[in-house]
Amino acid sequence: MDDDDVANRKVSFRKCLEHLSGAGKAIGVLTSGGDAQGMNAAVRAVVRMGIYVGAKVYFIYEGYQGMVDGGRNIVEANWESVSSILQVGGTIIGSARCKAFRTREGRLKAAQNLVQRGITNLCVIGGDGSLTGANIFRKEWSGLLEELAQNGEIDKEQVQKHAYLNVVGMVGSIDNDFCGTDMTIGTDSALHRIIEVVDAIMTTAQSHQRTFVLEVMGRHCGYLALVSALACGADWVFLPESPPEEGWQEDMCIKLSENRARKKRLNIIIVAEGAIDTQNKPITSEQIKELVVKQLGYDTRVTILGHVQRGGTPSAFDRILASRMGVEAVVALLQATPETPACVVSLSGNQAVRLPLVECVQMTQDVQKAMDERRFKDAVQLRGRSFETNLNTYKRLAIKLPDDQIVKSNCNVAVINVGAPAAGMNAAVRSAVRVGIADGHKMLAIYDGFEGFAKGQIKEIGWGDVGGWTGQGGSILGTKRTLPGKSLEDIAAQMRTHSINALLIIGGFEAFESAVLLAYSRDHHPEFRIPICVLPTTISNNVPGTDVSLGSDTGLNAVVETCDRIKQSASGTKRRVFIIETMGGYCGYLANMGGLAAGADAAYIFEEPFDIRDLQSNVEHLTEKMKTTIQRGLVLRNESCSENYTTDFIYQLYSEEGKGVFDCRKNVLGHMQQGGAPSPFDRNFGTKISARAMQWISTKLKEAPGKGRRFTSEDSICVLGISKRNLLFQPVTQLRKDTDFEHRIPKEQWWLKLRPLMKILAKYKASYEVSDSNQLEPVHPRGHEEPAAI
């Protein structure tokens, strides 16, 4: 792309924002209902984006109660009001249940308070109750203003000036109980809290051979229970949407005792607080404990997690989600007309979309209605594609059919790890092995990458062998960066020896390169004419064919946690700027997204070339910042962003140029980004995407019964990944054209579109590409593609 192209693109983005001037407009932001981690990130994004486009932004403290009470509860916010809140859980503007707002008198007071300040745009962060309230308020708005004018509270001019109210919602709820969005703000952080507890409990349960019954939140929605069961490989899970069948007591006890017989030293049972049986009677954790003790005599303990799940710092995922939603909400408000219905900003795959609020709320209420009427299959379907996939995957992985009931395929499927270790690899291997066995295949594990493959380090791996792997970091099978190029003969020989009919490669850029090599070696080695699937797994997120690589979420959380600690140190010392180097090779994903999630002032990446003038402008920006109340700075640098502008060079430049204004420190994060236990997102994502890859392999093998058939078509060597909103299998030979092999990155990367967002929130002038259209989407578009529910 030449300079003219870049300039033209920037102009077109600017036009987008120029059309969206907020001058003369006022936006009110409130959080309502139960609190959720990430709400503060959303508030920060709304305030800063609002100010950036020239609007006034007001905090409405204590939710709708503050709107009704008015006075000091509605205060204009400035840029510094939302400094240092990104990493804080809960909501700094408070949240309260409000009975008064449910009455017309209450809403009349609220309307008067808003009109007095000229607020005709509302951004509501809350659950379905809060959003329903906002929509009723919007519909009544003109009537409320007429009434206020008749009572002499406001004049006719104000009625005309503030004739309509725009409402945009963002869903903040740890339960993920809102239909229309893949993830609500707070869900991922709540899963972090649950998994931290589960990991801790598993070590003590193992020591004493105990059974633990864990109760998690979710009065009407079993999402937290279901995903934590998937993420820790729980023995049994109880959900409100999918109650156990009659006689579940006996089935559960058989399952627990079978697992003990397989030398498993512990049992984990997860219960959603709203769990019910098929007759809609509650199933409590105490009931389950009594049953296990009475029937099996196991030492059983109950742990109720309670409000721990709402607390703590938001995860990187929630911060990025909330920041994107907040910016999108402001754009939606500025694009709204009197005819625009209230909308909800949602996540679909990894795309921010706008959906009609009324339809989403209706669908959410339909789930509860289906559960009340005992139409549980409908309830699961209404919850959406993500929930349904999770449930089906859990059932496949948790319960093994007896061997005599599994139809044998007479196929051998091998699994290999390639490239640098990344969190989530083991979860993917476990899932592949179990789904493969359930499909009737013989599963083979290849140890130590292609080096081990060439040497014949291949063993059969069974259902029980992968128990407890989900929460393990690194690679249990062992992994090497070596490509198969020099050992193709030996690998082909091993494939013949072990009669390998399909191969699943789990790894980073090397896994992709290896698959390309195997694809082009099929002419010389017929052994490679088998279905081969690559699962992109690397913290760098640099594999073509997917927007999100397995392991990148864990790496991102490691970066963000460190940045939080460093920022705390910097704010204690005052007037200090930290320069932090992240991993990622030439891919700037970790630096850019880490910068967005940690509230960095700048992030230097290879994909966006920079020169000494940019560095100088960043120093000047920080010098100005030190004159405000926010006297600290955070700058991220991708390890290979520039050959000459090294971390040391940037550190020395900043130190010299900032003399007398701020001092400087540097920190290289290094391999800590690769280590640690996988995040809940990576455990869940690895489990689901690997199960889908095995499904694809099984389908391919069924298309070619008998061992004689060879696969020669391009679409039999694929990368499985998320592309925008869809899960796609893409041939490696096609992806090769979209790849920059010299720098080991895809030629186009979706997250670069979020780069201006980081700059805007750090008070730089930037050109932000607004949504392609300001049209609302239908709540459940059913296309022919496979949806990528994360």
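This is a guided tour of a predicted model, stop by stop, with a selection to make at each one.

**Stop 1: strand S1**

Start by selecting residues 26-31, which form strand S1. Of its 6 residues, 6 are buried, so the strand is largely enclosed by the rest of the structure. In a regular strand, side chains alternate between the two faces of the sheet. Color the two sides separately: Ala26, Gly28 and Leu30 lie on one side, and Ile27, Val29 and Thr31 lie on the other. Both faces are covered, with every one of these residues buried.

Now add residues 56-60, strand S2, to the selection. S1 and S2 run parallel to each other and pair over 4 bridges. To line the two strands up by eye, find Ala26 and look across to Lys56 of S2, which stands opposite.

**Stop 2: the nonpolar cores**

In soluble globular proteins, nonpolar side chains tend to be buried together. Here the largest nonpolar core has 151 residues. Which of its members touch the most others? Select Met170, Ile270 and Leu504 to see them. Then show helix H11, residues 316-335, which gives the most to this core with 13 residues.

Center the view on Ile270 and display its contacts. Leaving aside residues up to four places away in sequence, Ile270 touches Leu214, Val216, Ala225, Ser228, Ala229, Cys232, Ala234, Trp236, Val237 and Phe238. Another core, of 39 residues, lies apart from the largest one; to find it, select Cys98, Ala149, Leu165 and Leu355, which are among its members.

**Stop 3: Thr211**

Next, pick Thr211 in strand S6, residues 211-216. Is this residue buried or exposed? Its relative accessibility is 0%, so Thr211 counts as buried. Draw a distance from the side chain of Thr211 to that of Asn267, and you will find a polar contact of 3.2 Å. Beyond its sequence neighbors up to four places away, Thr211 touches Arg260, Asn267, Ile269, Val292, Tyr298, Asp299, Thr300 and Arg301.

**Stop 4: salt bridges**

Side chains of opposite charge can pair when their charged atoms come close. The structure holds 32 salt bridges, and a few of them make good stops.

- Select Asp182 and Arg385, whose side chains meet in a salt bridge at 3.1 Å, N to O. The pair links distant parts of the chain, 203 residues apart: Asp182 is in the loop between strand S5 (166-171) and helix H7 (187-208), while Arg385 is in helix H14 (residues 385-398). Asp182 counts as buried because its relative accessibility is 7%.
- Move to Asp235 and Lys264, where the closest N and O atoms of the salt bridge are 3.2 Å apart. This pair also links distant parts of the chain, 29 residues apart. Asp235 sits in the loop between helix H8 (223-232) and strand S7 (236-238), and Lys264 in the loop between helix H9 (248-261) and strand S8 (267-272). Asp235 is buried, at 2% relative accessible area, whereas Lys264 is partly exposed, at 28%.
- Try Arg375 and Asp378, joined by a salt bridge of 2.9 Å, N to O. Arg375 is partly exposed at 32% relative accessibility, and Asp378 is partly exposed at 30%.
- Finish with Arg104, Arg107, Glu140 and Glu147 selected together, as they are linked in a network of salt bridges.

**Stop 5: the cysteines**

How many disulfides does a search of the whole structure find? There are 0. Select Cys533 and Cys718 to look at one example: Cys533 is in no disulfide, and the sulfur of Cys718, the nearest cysteine sulfur, is 6.9 Å away. Cys533 is buried, at 0% relative accessibility. Then select Cys664 and Cys563. The sulfur of Cys664 is 14 Å from the closest cysteine sulfur, that of Cys563, which is too far for a bond. Cys664 is buried too, with a relative accessible area of 3%.

**Stop 6: positive phi**

Two loop residues close the tour. Select Asp448, in the loop between strand S13 (442-446) and helix H16 (449-455). Its phi is positive, near 60 degrees, in a residue other than glycine. Asp448 is partly exposed, at 28% relative accessibility.

Last, go to Asn541, in the loop between strand S16 (532-536) and helix H19 (552-573). Asn541 is not a glycine, yet has a positive phi of about 55 degrees. With 4% relative accessibility, Asn541 counts as buried.

Methods:
Residues numbered from 1 in each chain as written. Predicted model: local features only at pLDDT ≥ 70, side-chain atom pairs only at ≥ 80, totals over all residues. Heavy atoms only, no water. Salt bridge = Lys/Arg side-chain N within 4 Å of Asp/Glu carboxyl O. Buried < 20%, exposed > 50% of the residue type's maximum accessible area, 1.4 Å probe, protein only. Core = buried A, V, L, I, M, F, W, Y, C linked by side-chain atoms within 4.5 Å. Contact = heavy atoms within 4.5 Å. Polar contact = N/O pair within 3.5 Å; in protein donor to acceptor, adjacent residues only side chain to side chain. Disulfide = S-S within 2.5 Å. Pairing = 2+ DSSP bridges.
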